[in-house]
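Work through the exercises below with the sequence and the 3D structure at hand. Try each task before reading its solution.

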Amino acid sequence: MLTVRIGQRVHKTQGPTRLLPIIAVLGVFAVFFAVFLIMRSQSHTLSWYPEFPGPEWLQVPNVPQETTSRQRPSPCGIPKPCPEGDFSCLITSGAANVVAPKICIEGKMVMGYVEKNVGYGINIAVVNGKTGEGMKTAFFNMYDGDIEPLVEFLKSIENGSIVLIATYDDPATKLNEEARKLIRELGSSAIQSLGFRDNWVFVGGKGADVASTLEKHIKNNKDKNKYDSWPEMIEWQGCLPRYLE
């Protein structure tokens, strides 16, 4: 028997395995292109080159980025507008025995909790009457402290100085007549009646040519007090005239 073997032509077909490398390359390209678009969008405009901004549909408007950091407000607030040559001033008494007093000149804190130079009793800032610059500060415990340091400090104040006083907690238990007299000479009238846990702020000066005096005084009255055993806090903001020789 004669067997005739008929040869078969094999047709090679392009199956899915041949397409995989092409799909992979296209996928990588798509990823890089997406990353490129995102990076360009962060610079506010999708520009391929400065001279070629790209198609209109890819343009992103210039929108200012919001900042996440917030500047903390100044403890002295916004200085009050004053006539040329005058000094802007903010002074507050303490609130009960919890919130410390503060004294600010030209928006700058001279005394306060932030400066770590205030305490219970009488707080005093002495300012140069010509320049508005702080010269010295001190606080004196008038409940269980000594009166002599306060007397010596008051005697050392030079002519032409602006003197600012703010009370905190108790300003009066240890006050004697000598200390009251020295403060009265700075222009205060309330110092004569200042009593236990009263609130008081004072702006005056040493020298006949120191032009203005200001003070606010709230008596400790259990029937009217805002903070149980203490009256409400006092705040004053205004302008201080320059010392004239």
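The exercises cover disulfides, cores, aromatic rings and one asparagine.

This is a predicted model: local features need pLDDT of at least 70, side-chain atom pairs count only at pLDDT 80 or more, and totals for chains, interfaces and linings use all residues. Residues are numbered from 1 along each chain as its sequence is written, and side-chain values use heavy atoms, leaving out hydrogens and water.

**Exercise 1. Find the disulfides and say which parts of the chain they join.**

Step 1. Apply the rule: a disulfide is a pair of cysteine sulfur atoms within 2.5 Å. The structure has 2 of them.

Step 2. Take cysteine 76 and cysteine 104, with an S to S distance of 2.1 Å. The angle about the S-S bond is -80°, and the link is left-handed. Cysteine 76 sits in the loop between helix H1 (16-41) and strand S1 (87-92), while cysteine 104 belongs to strand S2 (residues 102-105). The two are 28 residues apart, and the bond links distant parts of the chain. Helices (H or I, at least four residues) and strands (E, at least two) are DSSP runs, numbered from the N terminus.

Step 3. Turn to cysteine 82 and cysteine 239, whose sulfur atoms are also bonded, 2.1 Å apart. Here the angle is -90°, again left-handed. Cysteine 82 is in the loop between H1 and S1 and cysteine 239 is in strand S9 (residues 235-240), so the pair ties together parts 157 residues apart in sequence.

Step 4. Read the pattern. Counting bonded cysteines along the chain gives 1-3, 2-4.

**Exercise 2. Sort the cysteines by accessibility, and explain why cysteine 89 has no bond to cysteine 104.**

Step 1. Fix the classes: buried is under 20% relative accessible area, exposed is over 50%, and partly exposed lies in between (1.4 Å probe, protein chains only).

Step 2. Cysteine 76 and cysteine 104 are both buried. Cysteine 82, at 26%, is partly exposed. So is cysteine 239, at 23%.

Step 3. Cysteine 89 is buried at 1%. Its closest cysteine sulfur is in cysteine 104, but the distance is 8.0 Å, so it is too far for a bond.

**Exercise 3. Describe the largest nonpolar core.**

Step 1. A nonpolar core is a set of buried Ala, Val, Leu, Ile, Met, Phe, Trp, Tyr and Cys residues joined through side-chain atoms within 4.5 Å.

Step 2. The largest has 25 residues. Ile124, Leu150 and Trp200 are among those with the most contacts inside it.

Step 3. Elements supplying at least two residues each include strand S4 (121-128), helix H2 (148-155) and strand S7 (199-206). H2 gives the largest share, 4 residues.

**Exercise 4. Classify the ring pair of tryptophan 200 and phenylalanine 202.**

Step 1. Rings of Phe, Tyr and Trp (its six-membered ring) pair if their centres lie within 6.5 Å; planes under 30 degrees apart are stacked, over 60 edge-to-face, and the rest tilted. This rule gives 3 aromatic pairs.

Step 2. For tryptophan 200 and phenylalanine 202, the centres are 5.8 Å apart and the planes at 25°, so the pair is stacked.

Step 3. Check accessibility. Tryptophan 200 is buried at 0%, and phenylalanine 202 is buried at 0%.

**Exercise 5. Place asparagine 199 and find a polar partner.**

Step 1. Asparagine 199 lies in strand S7. Its relative accessible area is 3%, so it is buried.

Step 2. A polar atom of its side chain lies 2.7 Å from the backbone oxygen of glutamate 232.

Note on methods: A polar contact is a pair of N or O atoms within 3.5 Å; within protein, one must be able to donate a hydrogen and the other to accept it, and residues adjacent in sequence count only if both atoms are side-chain atoms.
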